[in-house]
Each structure stands twice: as structure tokens, then as C-alpha cells.
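Please look over the sequence and the structure before reading on. The paragraphs after them are meant to be followed with the coordinates open.

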Amino acid sequence: MSQTIYDMEQCDIAWCPGCGNFGILNIIKDALVGLSLPQQDVVFVSGIGQAAKIPQYMKAHYFNGLHGRALPPATAIKATNPKLTVIAESGDGDMYGEGGNHFIHCIRRNPNITNIVHNNMVYGLTKGQASPTSERGFKTPVQINGVILEPFNPIAVAISLDASFVARVSVGEKDHAKEIVKKAILHKGYALVDFFQPCVTFNKTNTYKWFKEHTYFLEESHDMSNRIKAFEKAIETEKLPLGVFYVNEKKPVFEEQLTVYRSDKRPLYERGSDLAKLNEFINNFKN
Amino acid sequence: MDKKLKQRDDLSIVIAGEAGQGIETIEIILTKLLKRAGYNVFAAKEYMSRVRGGTNSIGIRISSRPVACFVNRIDIVFPLDKKAIMRLKPRMTEKTIIVGDKKALATDEKIIDIPFLDLAESIGNPIFANIIAVGFAIGLLDIGQDVLLLFLSEYFSKKGKEIIDQNVRAGQIGWDLGQEKQKSLDISFEIKKDISVANEFIINGHQAISLGAIAGGCNFIPSYPMSPSTGVLTFMAQQGENFGIVVEQAEDEISAINMGLGSWYAGGRSMVTTSGGGFALMTEGISLAGCIESPMVIHLAQRPGPATGLPTRTEQGDLELALYAGHGEFPRVIYAPGNIQDAFLCAYKAFELADKYQVPVIILTDQLLLDSYYNISGLPIITEEIKNLIIKTQAGYKRYQITENGISDRGIPGYGEGFVCVDSDEHDEGGYITEDFDTRIAMVDKRLKKGELLKQEILEPEFYGDQDYEKLVVGWGSTNHVILEAMRSKENNGIGYLYFKQIYPLSEKIEEYWKRSKEVIFVENNATGQFEKLIRREFGLSANRHIRKYNGLPFSVEEVFEQL
């Protein structure tokens, strides 16, 4: 597979120079090329925000919907055509704030989709307000005395809900991130990749340097099947672990449990309606 | 008790009791049985928003003619608890026959005392009281016991011999008593039988909407339960495996509609079912359907608002909500079926038009339409298999290619060589975000052109009554049957009636009806005349008078009759 098939010939990118999103875009494209997936079967679903623009800059199918609402259409796309590889990708505000309820219930549903969340701990598109993952004390034009809310911990929440694949990567660790994104896409079931990235314009605290200094790779000995250990790792705050925290291979996959696919694996668009059957059924209403 | 009811060929029976007392079982058995015996029947329920207690009632009409709406009058009432008598008292007259267990009801009313509970205990379980009541009603109506007993044995056929026998016995005991009272009190009815009715269909609004959706090719229904819309979700869930439908209870209505849009994007045919509050949550999704030009079908089952309002009651209060839901400017279609056949037809058409024009289509119903049923000769016949209007894409495919009529070919991911890019931001032909002003204008115009095309697909209003009318009555949706019956009850009335089953877009042809009238009367089950306002805004046509109701109950024939 050509290294450049996902590259756009020309596009007017809306990100600031030096934005972590550029690195993520390259990592995602590299991961997809590395997996040799049929390009026509890959669908991106995103919400609204700077991160959510990522599918615009790739040669791929996309559904760029509403703020916070990437996961419901992603789930439905997969359930409507299970042959597609579906990647729901947006930012921390979109997935953890506006879309928090869907985040919880998507994990419960466990569709076979990948959820990549750009986590820069700040709002970019609306120009610098706090995000659900901003640290306490983080000052913004709205949180003028600093954030007074506890930051949302997506890794701990996902593990507590027994998400089937939970990982965190950092854009500064390109090769590590790429391998984990590949694993997440290959994983059968819902896979969360929380993606650390700096916002060079609105977040002067959590910079490339900060992420380098405040993260470490999970030890090789870490047991990904041990939910309690994974949770312990998830709530560390001194230094934030990178890697795959938790995997549950045994969780039933949403679309595989749907009765429509029990005896017929065809996606919905390949099926017709059965009027004769319906008319026969309507006749029951005579009794 | 005398022969008060003689001459009547149109009976109104009400069964009332607490939630949980099983009045619905009586309703189902009685209506099906009566239809099988060849009687025109109609049934509707009114119930409180609670799982136990309160007072709920079922109204059943039996008539020589087809009937399909609520009357205030009660000819025979079966109160199952004391509160029921209090609650129904305003609808009773000295002619109303009350049948009940005097001991249990502790009432001073003059009633036909039947110790239903004691009799049920004698068979072994108070649960049989309801079947004894059914038997009693059939006996009182002087309908043969063979029909009753055969029906009961069939109805309980899956429950085993003992239960069948007990129910048949209960039915027999009730029937004997009913016959005895019918003869001793000389109560007789003159309802004509029509053998062809026995072979007709009994379908309620929930079922008609669901069946129409299935006929329209619905194969994905993500929804969140909310009265009175839940019946459609339940029906689809029960038939999901049979008809290949993905049914998912979403975490909220926002998720539901966004799932629906995702499904259409990937080649599914989706509908959501909800009520006012849930629909309010969906409105951003409706706007998204407008922007990404996605087909979408939304069943909005109205109930009285604002906010939680009266959850189990009926109202036509959400027309304006449906009309204006979603920010920005984009076309839509709104149907408002007023009978069972049209509920089916509108649900079917909703899928056809949503797909063809890539727009959201809203089906407005209400608790009255959904929970009522009556015998009908059949549903509209659909002969054409549904075709998914999707194309196999070529390389270089543009989802929003500008075309003469505004409609672009709709591709789906994984079918063809092109990329299918849809965006809630303003976008160019390829689906990519743009802030180019000329492109913006082109895209707005493209979307609005489809609105103009939709005017060629209008389900025109139906006219009934006197061609040389002086009074023109205008109604929409579920008021249809009550207006028809009230109008037909007036002799030489000079009334014409216009029934709208589509309320947006509207056809200019309706102006003709105004020109010929001396007085225009709008009938709406709401407080502010939302349809009247819409007609005035669209065409400058006004009303001389209106008949409105907004206490949470449907119009009765008497109310409309008096005010016409």
C-alpha cells in the first residue's frame, strides 16, 4: 500500500502552526497505511472542534456531525454496515464534555469501533476556555481565578465501565502512539485511545515539554487483563502512564448481538424489503 | 330499570378501574369478540400517568355504522372500583346502566349488582372477575354464547387446558347472568350486524405507524421511551427479528436521532419515535439532517405540554414545534394522519419522501390516534418494493454536487470508489468545510430548491360534506373522525369539511375552499389554534370562528356537534 493514499492533494488546514493535531494526523494516517485496510471501508466520525476537523484533511469517508455527538452515529454506522472500520475521533471537550453521556453508554454497548480523543486540556476552537480535562487552577478568560472542578479522568471512567480496550498515548511519542492506534483499530470491541497533545496557542501549561516530563510508559510487566491494577494505574497523578491500561477480549460486541445479523451477515443496504411477508403479517390483524 | 335503551343502535360502554386491575384485557377481548360477531366497534383509552391506582377508563362503542371516535355519553358502565363512579359521574345520566359489585363499590347509585369478585373466587381466583364481566356484557347484548366461548378458548389457547377451562367457565357464568338481566329488565338493543365486519381488520395507531414504516423499508429504530410514542418502539422491537430491523434503546433522544442519521449515512433506513420533550432534545439533530441532506423519519406523538405536561393525555400542541424545530433554514415535510389508514400511508410516504428528497419528514400523531382502534376494511395496498435510492459511487464522487433540481446522488461508504463526506459545517460539493460566500449561497439555494419540489408531492386535504356548503370546517390529524361524525349528525347542515393529513408544505389550491364559504371554523385540540395561525401566515386565509379544547382529553362528538 502506498504511504500517501490518505494524503490530500491540497487542503487549507485550520490548525495553528505547531499544533499537536498535525502529529496526530500523521500518526493516524501511518497507522492506517500500516494496517493495509481497504481505504474504501474506513469511515471517520467526528463532532465539532479543532480535533474534529481531522477527517477533512484525509482522503477518507467521514461523517462530521454535531458537537459531542460522534459516538451515536459511529455506533449506528457500524451496526448498519459491520464491514466498515469506524473511527470516532474528536477532542476532549466534544467526547468527554458535550458528549459525556454517549461516552458512558457507548462503552456499555461495546460496538467494534475505535474512539480517538485528542486531549489537550483546553478548548481551542472557542478560544481558550477550560475543558473537562483541564487541571485545577488552570486560568482562562472564563475560569478567571483558575479551574475549581476536578478534572475528568477518561481512563479511570472507561476502566470502571469495563471498556474493552483502554489506552493513552502522547503525540510526542510518535512510534509508541502509532502502534497503539493500530492495536486499538484491530481490537474487537470499543477501543478508547486518549491522545495527549499540546495546544500551542491556548494552553501554556501543558506543553510538549510538560507532557514529556509528566508521562512515562507503562511497564512491560503491566497486566492488561487485570482491571484493578489497570484502575490503580489510571488514577496515578504524579506522572501519567502511557500505553494500554486494560483489555477485555471477552466482552460481547454490540452489532454481533443484533438479531438482524444472526443468520444474515449482509449489511442493511444490501437487503430488500419483503412486502409479501408484511401483507401476510397484516392479515393477522383480522383476528 | 326500564326499556330506556330501546331504539339505540349505537352503544357507548365504559370500563373503568385502577391501573393494574386489568381493564385492558377486558377491552381487547371485548372488542375483538364483538368484531368477530359482526359488530362495528371502536375503542380508546384514557389513563393516568401511573402504574398502579388512579382511575383509567376504556371507552368502547358498538354501532350499526362504522364509528371511530369518542362520545361523551355513557350507556353502560362497568366501574371496577369506587373512584371510577365519581370520576365518570359527569358523563352519566339517569339512563346510564351501571353494572358492578355493589359490595365492592359501596355506592348508593342504582346499579345492576353482580358480585363479580365472589363469583371469581368461586372459580378459584379473583383474576377471573374481568372475564365474568366480558361474559356478562356479551350476554347483556344478547350475543350468542358460542361466539364468546369459542373466542375465550382460542384467546387462552397457549395457557394450558386448566386455564382455558377456568376462563370459559368464567365467561359462561357472566353470560348467563347477562342474559338473565337482559330478559328480566327487558333491555334490548338494535345494533345491526354486518357479516363483512367479522373479516375486517382491527389496527390501532401505534400498529399502523409501525406497519407503514416497515412497508417503507424501515430497518433501524433507535429511540428512547416516552409516552405516548413508546408503542411504536415496542411494536418494532417485537417485530425486529421478523422484519430485519435493528432496534436500540438509546441513552437519550439526542443519541437516538444521531444514531438514526448515522444509519441513513451507512445505507440504513431509520426512524425515531418520541414525544414533545424528547423531540425538543432532537431538534439539533433535525437541523443536522437539513444540513447534511440526510433522509430522516421522525414520529412525534404529541401529548399536552409544556414540559412534562400531562404525559398520558392528548393534545395537538406541537405543530409549531415540528414546524420550526432546528436552527437554520432547510426544507421539511410534516404529516398529520387522522385515521388508521392514513397513519399507515403517512409512515410509508415519510420514508419515500425522506429518501427521495434527502430531508427530514415528521409524522405528527397524538395519544388519541395512537391508542384508538376500530374495524377497517384494510390498509392502503403497497405494491412497489422499496428501493433504496443510493448509488454506487465513482472515483471523484461529490456528495453535494450542484444539480438543477437541488437533489444530489446519495452514495454510502463501502459501496463504490468515491468518498462520502458529509459535514454539519457549511460545505462545498465534496462535503468539505468552506467559508466561501458564493458556495454558501449555492448550498442554501440547493437545499431550498428541494422545498419547492416537495410541493409537487403534497397529500392534498380531503373534502367531505355538502358541496354547496356555507360553513367550512377545517381540521387536521386526529380530530378527523369526530368532526366527520358531528357533521354527519346534523341534517341539511350546509357544512363542508376539509381534513388535512399533510400540514407542511401546504398547497395553494386550498384558497378555493375559502372563496366558496361564508364561515370558516377551525377545530383544534389545542389552546392557541396553531394550524389556524399557519394557514393565515401562509395564505392570508383566516377563520371566523374556532372550536378548541385543551384539557388533555379528545373532543367528544357531542362537543363538536353543539359548537358547529
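What follows goes from domains to a sheet, then to a helix, and ends with a single residue in the other chain.

The model is predicted. Chain B is split into four parts: domain 1 covers 10-193, domain 2 covers 202-376, domain 3 covers 391-450 and domain 4 covers 462-563. Between domain 1 of chain B and domain 4 of chain B, the distance from one C-alpha centre to the other is 35 Å. These two domains are in contact, through 7 residues of domain 1 of chain B and 9 residues of domain 4 of chain B. On the side belonging to domain 1 of chain B, the touching residues comprise 4 nonpolar, 1 polar and 2 charged.

Chain B also contains an open sheet of 8 strands with mixed pairing. Its strands run in the order β6-β5-β4-β1-β3-β2-β14-β7. At the edges are β6 and β7 (201-204) of chain B, each of which pairs on one side only. Within the sheet order, β4 stands next to β1, and the pairing of these two can be described in detail. Strand β1 (residues 10-19) of chain B is parallel to strand β4 (residues 76-79) of chain B, and 4 bridges join them. One bridge can be located by residue: B:I13 has B:I76 in β4(B) as its partner.

Helix α7 of chain B spans residues 161-184, which is 24 residues. From first C-alpha to last, α7 of chain B reaches 34 Å, close to the 34 Å expected at 1.5 Å a residue. Which residues of α7(B) are buried? They are B:Q166, B:N167, B:A170, B:G171, B:I173, B:G174, B:W175, B:L177, B:G178 and B:K181. The elements of chain B that these buried residues pack against are β6 (112-113), α4 (116-123), α5 (129-140) and α6 (145-155). Strand β6 of chain B thus appears twice in this account: as an edge strand of the sheet and as a packing partner of α7(B). Just after α7(B) comes B:D186, with a positive phi of about 55°.

In chain A, consider A:L161, which sits in the loop between α5 (154-160) and β5 (165-170). Is A:L161 buried, exposed or partly exposed? A:L161 counts as partly exposed because it has 18 C-beta neighbours inside 10 Å, whereas a buried residue needs 20 or more. Leaving aside residues up to four places away in sequence, A:L161 touches A:I104, A:I107 and A:R108. As a further point of reference, A:K78 is 83 residues from A:L161 in sequence, and their C-alpha atoms are 21 Å apart in space.

Notes. Residues are numbered from 1 along each chain as its sequence is written. Chains are lettered from A and ligands numbered from 1 in the order in which they are written. This is a predicted model: local features need pLDDT of at least 70, side-chain atom pairs count only at pLDDT 80 or more; totals for chains, interfaces and linings use all residues. Domain bounds come from an automatic or database domain assignment. Ala, Val, Leu, Ile, Met, Phe, Trp, Tyr, Cys and Pro count as nonpolar, Asp, Glu, Lys and Arg as charged, and the others, Gly among them, as polar. The expected span of a helix is 1.5 Å times one less than its number of residues. A residue is buried if 20 or more other C-beta atoms lie within 10 Å of its own, exposed if 12 or fewer, and partly exposed in between; C-beta atoms are placed from the backbone. Two strands pair if DSSP finds at least two bridges between them.
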